[in-house]
Amino acid sequence: MAKGMRIRKDDHVKVVGGKDRGKTGRVLRTDPKRGRVYVEGLNIVKRHERPRSVKEAQRGGEVGGIVEKEGPIHVSNVMLLDPKDNKPTRVGVRRDGEKRERYAKRSGDTID
């Protein structure tokens, strides 16, 4: 069973490994089962897509062709940006009674 990821949708992250090393972006979606995240504008891959239906395509629906979109990046290759100084930080989890909160280990500030 996969361990829960500490990076969530809409977090701002910096890529620390791979072809997009050093770039930053916003997390569009996460795939916790596979341990992957999709970051806006990073790891762009080309996919060949067929048009969905002829009638929809005529009305401005989905047209086929070569489409560029974001590919998955392994969660170990991204680091969350600290909200205080905008530098990469590790993420910790602490509990206050019933409440669970993520915090930046660099500055100690809460993330959510």
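Which side chain does the side chain of Glu101 make a polar contact with? The close-ups below take that up and then move around this predicted model.

**Close-up A. Glu101 and its polar partner.**
The partner is Arg94: the two side chains make a polar contact at 2.8 Å. Glu101 sits in strand 10, which runs over residues 99-104. Its relative accessible area is 15%, so Glu101 falls under the 20% cut-off and counts as buried. If you skip neighbours within four places in sequence, Glu101 is in contact with Gly92, Val93, Arg94, Asp96 and Thr110. Arg94 therefore shows up both as the polar partner and in that contact list.

**Close-up B. Arg102, a buried arginine.**
Strand 10 is also the place of Arg102. How much relative accessible area does Arg102 have? Just 2%, so Arg102 is buried. Its side chain reaches the backbone oxygen of Arg6 at 2.6 Å. Leaving out residues up to four places away in sequence, Arg102 touches Arg6, Ile7, Arg8 and Asp11, among others. Val91 and Gly92 are also on its list, as are Thr110, Ile111 and Asp112.

**Close-up C. The largest pocket.**
Rolling a probe the size of a water molecule over the atoms shows where empty space is left. Here the largest pocket comes out at a volume of about 220 Å³. Its lining includes Lys3, Gly4, Met5, Arg6 and Ile7, along with Thr89, Arg90, Val91 and Lys105. Val78, Met79 and Leu80 line the pocket too. Which element gives the largest share of the lining? That would be strand 7 (residues 78-81), with three residues. Sorted by class, the lining is a mix of six nonpolar, two polar and four charged residues.

**Close-up D. The largest nonpolar core.**
In soluble globular proteins, nonpolar side chains tend to be buried together. In this model, the largest nonpolar core has 12 residues, including Met5, Ile7, Val13, Val15, Val27 and Val37. Val39, Leu42, Ile73, Val78, Leu80 and Val91 belong to it as well. Strand 1 (12-15), strand 3 (36-39) and strand 7 are the elements that give two or more residues to this core. Zoom in on Val27 and, past its neighbours within four places in sequence, you find it in contact with Ile7, Val13, Val37 and Val39, among others. The contacts of Val27 also include Arg8, Lys9, Asp10, Asp11 and Tyr38.

**Close-up E. Ile73, another member of the core.**
Ile73 is found in strand 6, residues 72-74. Is Ile73 buried or exposed? With 8% relative accessibility, Ile73 counts as buried. Not counting residues up to four places away in sequence, Ile73 touches Val15, Gly35, Arg36, Val37 and Val39, as well as Leu42, Asn43 and Val78. For a sense of scale, Ile73 and Asp109 are 36 residues apart in sequence and 26 Å apart in space, C-alpha to C-alpha.

**Close-up F. Two residues with positive phi.**
Most residues other than glycine have a negative phi, and most peptide bonds are trans. Asp10 has a positive phi, near 70 degrees, and is found in the segment before strand 1. At 44% relative accessibility, Asp10 is partly exposed. Asn86 also has a positive phi, of about 60 degrees, although it is not a glycine. Where does Asn86 lie? Look in the loop between strand 7 and strand 8 (88-89). Asn86 has a relative accessible area of 55%, so it counts as exposed.

Definitions and conventions. Residues are numbered from 1 along each chain as its sequence is written. This is a predicted model: local features need pLDDT of at least 70, side-chain atom pairs count only at pLDDT 80 or more; totals for chains, interfaces and linings use all residues. Side-chain values use heavy atoms; hydrogens and water are left out. Helices (H or I, at least four residues) and strands (E, at least two) are DSSP runs, numbered from the N terminus. Buried means under 20% relative accessible area, exposed over 50%, partly exposed in between (1.4 Å probe, protein chains only). A polar contact is a pair of N or O atoms within 3.5 Å; within protein, one must be able to donate a hydrogen and the other to accept it, and residues adjacent in sequence count only if both atoms are side-chain atoms. Contact means heavy atoms within 4.5 Å. On a 1 Å grid over the protein atoms alone, a cavity is a set of points where a 1.4 Å probe fits but cannot get out, and a pocket is an open set with protein on both sides within 12 Å along at least five of seven lines; lining residues have an atom within 4 Å of a point. Grid points are joined across faces, edges and corners, and a volume is the space filled by probe spheres set on the points. Ala, Val, Leu, Ile, Met, Phe, Trp, Tyr, Cys and Pro count as nonpolar, Asp, Glu, Lys and Arg as charged, and the others, Gly among them, as polar. A nonpolar core is a set of buried Ala, Val, Leu, Ile, Met, Phe, Trp, Tyr and Cys residues joined through side-chain atoms within 4.5 Å.
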